Amino acid sequence: MDDLRTLISRHPTPGRLEQLLLRPARGQPGLAVDAAEALAGRGLRGDRSAARAPSRPEGGKRQVTLIQAEHLALIAGWTGRPLAELGSLRRNLVVSGLNLLGSRSPFADRPLRLRIGAEVLLEITGPCDPCSKMEALLGPGGYNAVRGHGGVCARVLQGGWLRAGDALQVEAG
């Protein structure tokens, strides 16, 4: 029988980067782009999170946010909103094929790391819980529709270019 460390290192399929969104300023909607440059310790060039100077060398825990494409259909169903409107969820990367929430490591010495394409390496830092703005964006109950499905936050360990369609692989921490 495999131990928990072995079990959490296995994933049935690789993931895929479906969409990239940048928010250039606070309160602005996400702008869909085909490619973006990830900056180590900062975030995505052109996104408001990367514009701030980091307070420590590795930067903050919320440099990039990710959400699963599979969860968008649930949120759309609960809110009655079309999927096309869900770019307003304020996440940078929409990924598919990999259970992000189930992939979070329960071991502090073994963080979850995601390789996207050939260059970029992210470290998952925790859940990306919804905020009260979900009520304004999605209508009454929007907060609860996103709760438990808001994705994860990450920091950029290794920068490079991200492109829609890039493969997503889990790497041992």
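**Exercise 1. Cysteines**

Work out whether Cys131 is buried, partly exposed or exposed in this predicted model, and how many disulfides the structure has.

*Solution.* Start with the accessibility of Cys131: it comes out at 27%, so the residue counts as partly exposed. Next, look for a partner. The closest cysteine sulfur to that of Cys131 sits in Cys128, 8.6 Å away, which is too far for a bond. Now move on to Cys128 itself, which is buried, with a relative accessibility of 1%. Its sulfur has Cys153 as the closest cysteine partner, at 3.8 Å. A disulfide needs the two sulfurs within 2.5 Å, so 3.8 Å is too far for a bond as well. Searching the whole structure gives the final count: zero disulfides.

**Exercise 2. The faces of a helix**

Find the buried residues of helix H3 (residues 69-79) and say how they are arranged around its axis.

*Solution.* First, list the buried ones: His71, Leu72, Ile75 and Ala76. Then look down the axis of H3: these residues fall within an arc of 145°, so they line one face of the helix. The spacing rule behind this is handy: an α-helix has 3.6 residues a turn, so positions three or four places apart point the same way. Now check the other side of H3, where Gly77 and Trp78 are exposed. Finally, see what comes after H3: Gly80 follows, with a positive phi near 75°.

**Exercise 3. Strand partners**

Identify which strands pair with E1 (15-22) and with E3 (35-39), and pick out a residue pair for each.

*Solution.* Take E1 to begin with.

- E1 and E6 are antiparallel, with four bridges; Arg16 has Ser96 as its bridge partner in E6.
- E1 and E2 (residues 31-33) are antiparallel too, joined by three bridges; Leu20 is opposite Val33 in E2.
- E1 and E11 (residues 167-171) run antiparallel and share two bridges; Gly15 faces Leu168 of E11.

Now do E3.

- E3 pairs with E10 (residues 160-163) through four bridges in the antiparallel sense, and Ala36 is opposite Leu162.
- E3 also pairs with E4 (residues 43-44), antiparallel, over two bridges, with Leu39 opposite Gly43.
- E3 and E4 make a hairpin with three residues in between, and Gly41 in that turn has a positive phi of about 75°.

**Exercise 4. The cores**

Say how many residues the largest nonpolar core has, which strands feed it, and what Leu66 touches.

*Solution.* The count is 23 residues, and Leu66, Leu93, Leu114, Ile116, Leu122 and Leu162 have the most contacts inside this core. Seven strands show up as suppliers of at least two residues each: E1, E3, E5 (64-68), E6 (93-96), E7 (113-116), E8 (120-127) and E9 (152-158). Separate from this core is another one, of nine residues, including Leu89, Val94, Leu138 and Val146. Now zoom in on Leu66. Leaving out residues up to four places away in sequence, its contacts include Leu93, Val95, Leu100, Leu114, Leu122 and Ile124. Gly150, Gly151, Val152 and Ala154 are also among them.

**Exercise 5. A loop residue and the confidence**

Decide whether Ala118 is buried or exposed, then find which element has the lowest mean pLDDT.

*Solution.* Ala118 lies in the loop between E7 and E8 and counts as exposed, because its relative accessibility is 73%. Its C-alpha is 8.4 Å from that of Asp166, although 48 residues separate the two in sequence. For confidence, the chain averages a pLDDT of 86, and 94% of the residues score at least 70. Helix H4 (residues 100-103) has the lowest mean among the elements, 72, while E10 has the highest, 98.

Terms used: Residues numbered from 1 in each chain as written. Predicted model: local features only at pLDDT ≥ 70, side-chain atom pairs only at ≥ 80, totals over all residues. Heavy atoms only, no water. Core = buried A, V, L, I, M, F, W, Y, C linked by side-chain atoms within 4.5 Å. Buried < 20%, exposed > 50% of the residue type's maximum accessible area, 1.4 Å probe, protein only. Contact = heavy atoms within 4.5 Å. Pairing = 2+ DSSP bridges. pLDDT = per-residue confidence, 0-100. Arc of directions from axis to C-beta.
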